[in-house]
Structures are given as structure tokens and as C-alpha cells.
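Subject: Handing over the structure

Hi there,

Here is the structure I promised to pass on to you. Please have it open while you read my notes below.

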Amino acid sequence: MQPKRWHAFFLLAIAGYLSAQQPKSPQPATAGGGVFLGRSGKPMAGARLILCEVLEDRDSFRGRVRLLSAVPTATAAKDGRFEFRGFAPGRYTILYLPAGVNIAVPNEITVSMLDAMDKSIAPLLRKTELGTNNPYEPRAWGPFTLMRGHTFMTDGPQMRIWNATARRGKEGPFLEIRRGSLWMQQFADKVEIKFDAWSF
């Protein structure tokens, strides 16, 4: 190899070494929290909360819920206070397991069934929320159970879930539906998370 080529090769090697030694800028540490209460006002102490992203399917705006990488989790304190750390800013939902429930949570859960309509129990009514006066008992809804106190919105002969706590399977996880949509919130650093449990 000629001297000029040796010189160029040496400079490139030094430049590569120096760039590798430069400290990488750390990712900003994000944190956000809130108080997890039941609708009764009682703290959901000991509940384990899991931050998840919502993936849109072609046939449903809330087709799947997927755990985030590194799975940010939090446990509610005695007063219901919780905090998530290390998430990228974005719009998320929360799955949770009440205190005393200890099961494996799948990486991905299909939730499009929660968009489904069912035969109305009050087919003559339109745009009326059912279940506000006399709480409904738990009801199966596909692979989910709508917990006590859920409500429906009528649309003539059909109705859809309006406000509810939904449990997947026999033990969970649980998720929340508000005004016909899966609960979601925009998350950013130092965000105050407003999250409660409809059926507790």
C-alpha cells in the first residue's frame, strides 16, 4: 500500500474510533402518573397497571391492544397513586389486574369485539343510555365479560357498549370503555393520567 493510502486509512480508523467513544445522548426519562380509583371513589390499591398501544385494524378503530416494548407497568399505592416511567410520548390505553389477581398477560389482545352491536333490549328506543338506573349484572360479550354496572347505547333494534369495565377471560386483564370507545389518553412527560374503573 502506498504511503498516501496508509495515511488516509489511518485517519479514517482514528475518526471511527473517536466517534465510537463519543457518549450517546440519553433518551429523555419520561414519567406520568395519576390516582386509580373505582367509580365509587375507593382507591384501587394494589392494582397492577400496564401501558399499552392500540393498533387499528381495517374493520375497527381499536382492533388490537399490544404491550409496549419494555412493558411500562405500575402498581397502585394504598391511596391509588401510580406512576409510569420510560415511555415514548404518544396515545395509549391501560390494561390492569386488580389486587390479588396474578396472571400472565398476553402480548397482544384482540378487542374489536367490543365494537360489536347486539340485539337491543329496548328496540323502540334510540340514542338512549340503558343501565343508568338499575345496574346490569355481569354479561358475556364474546371473549369478554362486561362487569356489573355496564351501560349500553341504543340504536333502535341494536345496542352497543357505552360505559363499562370489561374483563378478558375468567381473570383478566381488565380494560375500560367510555362513551362507546376504548379508554385512551395522550401521554407525555409529567402528564397527569385520569383513569378510573367503571365497575368498582
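In the hairpin of E14 and E15, Gly169 takes a positive phi near 70°, and five residues lie between the two strands. Before going further, please keep in mind that this is a predicted model.

The strands of that hairpin, E14 (residues 158-168) and E15, pair in the antiparallel sense over four bridges. If you want a place to look at the pairing, Thr165 stands opposite Glu176 in E15.

E15 also has a partner in E16 (residues 181-182), with two bridges joining the antiparallel strands. Here Ile177 stands opposite Leu182 in E16. The hairpin of E15 and E16 has two residues between the strands, and Arg179 is the residue there that takes a positive phi, near 50°.

How many of the residues of strand E15 (residues 174-178) are buried? Five of its five are, and the strand is mostly covered. Both faces are covered: Phe174, Glu176 and Arg178 are buried on one side, and Leu175 and Ile177 are buried on the other.

Going back along the chain from E14, you will come to E13 (residues 151-155). Four of its five residues are buried, so strand E13 is largely enclosed by the rest of the structure. Five bridges join E13 to E14, and the two run antiparallel; Thr154 has Met159 in E14 as its bridge partner. The hairpin of E13 and E14 has two residues between the strands, with Gly156 taking a positive phi near 70°. E13 is also joined to strand E10 (residues 126-130), by three bridges and again antiparallel. In that pairing, Met153 in E13 is the bridge partner of Glu129.

Now to the aromatic residues. A search of the whole structure finds twelve aromatic pairs. One that involves E15 is formed by Tyr96 and Phe174: the ring centres are 5.6 Å apart and the planes are at 25°, so the pair is stacked. This pair links distant parts of the chain, since Tyr96 is in strand E7 (residues 90-97) and Phe174 is in strand E15, 78 residues apart. Tyr96 and Phe174 are both buried. They also belong to one aromatic cluster, together with Phe36, Trp183, Phe195 and Phe200.

Two arginines are worth a look alongside these rings. The charged end of Arg39 sits over the ring of Trp198, 3.8 Å from its centre. Arg139 lies over the face of Tyr136, at 5.6 Å from the ring centre.

Finally, there is an open sheet of three strands, with mixed pairing and the order E6-E1-E18. Which strands stand at its edges? Strand E6 (81-85) and strand E18 (192-193) do, each with a single partner strand, so one side of each is left without a neighbour in the sheet. E1 (residues 31-35) and E6 run antiparallel and are joined by five bridges. Along this pairing, Gly32 stands opposite Phe84 in E6.

If you would like a place to start, I would suggest strand E15, where five of five residues are buried and Phe174 stacks with Tyr96.

Happy browsing, and best wishes

Key. Residues are numbered from 1 along each chain as its sequence is written. This is a predicted model: local features need pLDDT of at least 70, side-chain atom pairs count only at pLDDT 80 or more; totals for chains, interfaces and linings use all residues. Side-chain values use heavy atoms; hydrogens and water are left out. Two strands pair if DSSP finds at least two bridges between them. Buried means under 20% relative accessible area, exposed over 50%, partly exposed in between (1.4 Å probe, protein chains only). Rings of Phe, Tyr and Trp (its six-membered ring) pair if their centres lie within 6.5 Å; planes under 30 degrees apart count as stacked, over 60 as edge-to-face and the rest as tilted. A charge sits over a ring if NZ of Lys or CZ of Arg is within 6 Å of the ring centre and within 35 degrees of the ring normal.
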